[in-house]
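This report goes through the strands, the core, the aromatic contacts and the backbone details of one protein chain. The sequence and the structure come next.

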Amino acid sequence: MSDTFLTATGTLRYSPALGKTGHTRRDGGSTQWWLIVDCDPELGRYLRHQFLLGHRRTRALQSPLWGAHISAIRGERPPHEALWKRCDGETVEFEYDPAVRETEGFVWCPVRCGRLLALREELGLPREPQPPLHLTIGNANRGD
């Protein structure tokens, strides 16, 4: 990780739909118990462009289905279901490391956000998600 973290904001989205497929994922799973932070599309575009430049314009990225986002809860049914969606649409501030990483074709930036960790705890989930919080910006597995 670099020592530089930048601040940005995004919008909390509970059980986000996947366009025309509703809540059904490509792998057959559901997005019903997901909480994401919907981030500025321009942030995602900028970071994907930096990735392209860093690879001498030889590796373009496909945008994620939800655009640039942070997955705070990934299919974990919370023990305190009554609190689900109570913060839907709220703005949350987070910090991200602009040094882009890649894992198995998925491209991301590390994130710090106490508010998201607190939301997980309020819902009865472990404070730290696995994998840790990160800003998903693209996919190098284009399938072309």
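## Strand pairing

Two strands are said to pair if DSSP finds at least two bridges between them. The model described here is predicted. In it, β1 and β4 run antiparallel and are joined by six bridges. One residue of β1 that can be placed this way is G10, whose bridge partner in β4 is V92. β1 also pairs with β2, again in the antiparallel sense, over five bridges. There, T11 stands opposite D38 of β2.

D38 leads on to the next strand, since its bridge partner in β3 is H69. The pairing of β2 with β3 is antiparallel and spans five bridges. β3 in turn pairs with β7 in the antiparallel sense, over two bridges. In that pairing, I70 has L135 of β7 as its bridge partner. As for cover, five of the six residues of β3 are buried, so the strand is mostly covered.

## The nonpolar core

The largest nonpolar core has 32 residues. Those with the most contacts inside it are L12, I70, F94, L116 and L135. Two of these, I70 and L135, are the bridge partners named above for β3 and β7. Both helices and strands supply the core: the elements giving two or more residues are β1 (6-14), β2 (34-39), α1 (41-54), β3 (69-74), β4 (91-96), β6 (106-112), α2 (114-122) and β7 (134-139).

What does F94 touch, once its neighbours within four places in sequence are left aside? F94 is in contact with L6, T7, A8, T9 and G10, with V37, C39 and L43, with I70, and with V111, R112 and C113.

## A buried threonine in β7

T136 lies in strand β7. Is T136 buried or exposed? Its relative accessibility is 13%, and because the limit for buried is under 20%, T136 counts as buried. Leaving aside neighbours within four places in sequence, T136 is in contact with P64, G67, A68, H69, V107 and W108. Among these contacts, H69 is also the bridge partner of D38 in the pairing of β2 with β3.

## Cysteines

How many disulfides does the model hold? The count comes to zero. A disulfide is a covalent bond between the sulfur atoms of two cysteines. For the count, the two sulfur atoms would have to lie within 2.5 Å. Burial can be given for two of the cysteines. C87 counts as buried at 1% relative accessibility, and C109 is buried with a relative accessible area of 0%.

## Aromatic pairs and a charge over a ring

The structure holds four aromatic pairs. One of them is formed by Y14 and W84, whose ring centres are 4.9 Å apart. Why is this pair called edge-to-face? The planes of the two rings stand at 90 degrees, and an angle over 60 counts as edge-to-face, so the pair falls in that class. The pair links distant parts of the chain, with Y14 in strand β1 and W84 in the loop between β3 and β4, 70 residues apart. Both partners are covered: Y14 counts as buried at 5% relative accessibility, and W84 is buried with a relative accessible area of 11%. Ring pairs also bring in W33, linking Y14, W33 and W84 into a cluster.

Elsewhere, R112 lies over the face of F5, at 3.7 Å from the ring centre. R112 is also among the residues in contact with F94.

## Backbone details in the loops

A cis peptide bond joins Q130 and P131, with omega at about 0 degrees. P131 has its place in the loop between α2 and β7.

Positive phi values occur at K85 and E104, which are residues other than glycine. Phi of K85 is near 75 degrees, and K85 lies in the loop between β3 and β4. K85 is partly exposed, with a relative accessible area of 42%. For E104, phi is near 50 degrees. E104 is found in the loop between β5 (101-103) and β6, where it is exposed, with a relative accessible area of 72%.

Conventions
Residues are numbered from 1 along each chain as its sequence is written. This is a predicted model: local features need pLDDT of at least 70, side-chain atom pairs count only at pLDDT 80 or more; totals for chains, interfaces and linings use all residues. Side-chain values use heavy atoms; hydrogens and water are left out. A nonpolar core is a set of buried Ala, Val, Leu, Ile, Met, Phe, Trp, Tyr and Cys residues joined through side-chain atoms within 4.5 Å. Buried means under 20% relative accessible area, exposed over 50%, partly exposed in between (1.4 Å probe, protein chains only). Helices (H or I, at least four residues) and strands (E, at least two) are DSSP runs, numbered from the N terminus. Contact means heavy atoms within 4.5 Å. Rings of Phe, Tyr and Trp (its six-membered ring) pair if their centres lie within 6.5 Å; planes under 30 degrees apart count as stacked, over 60 as edge-to-face and the rest as tilted. A charge sits over a ring if NZ of Lys or CZ of Arg is within 6 Å of the ring centre and within 35 degrees of the ring normal.
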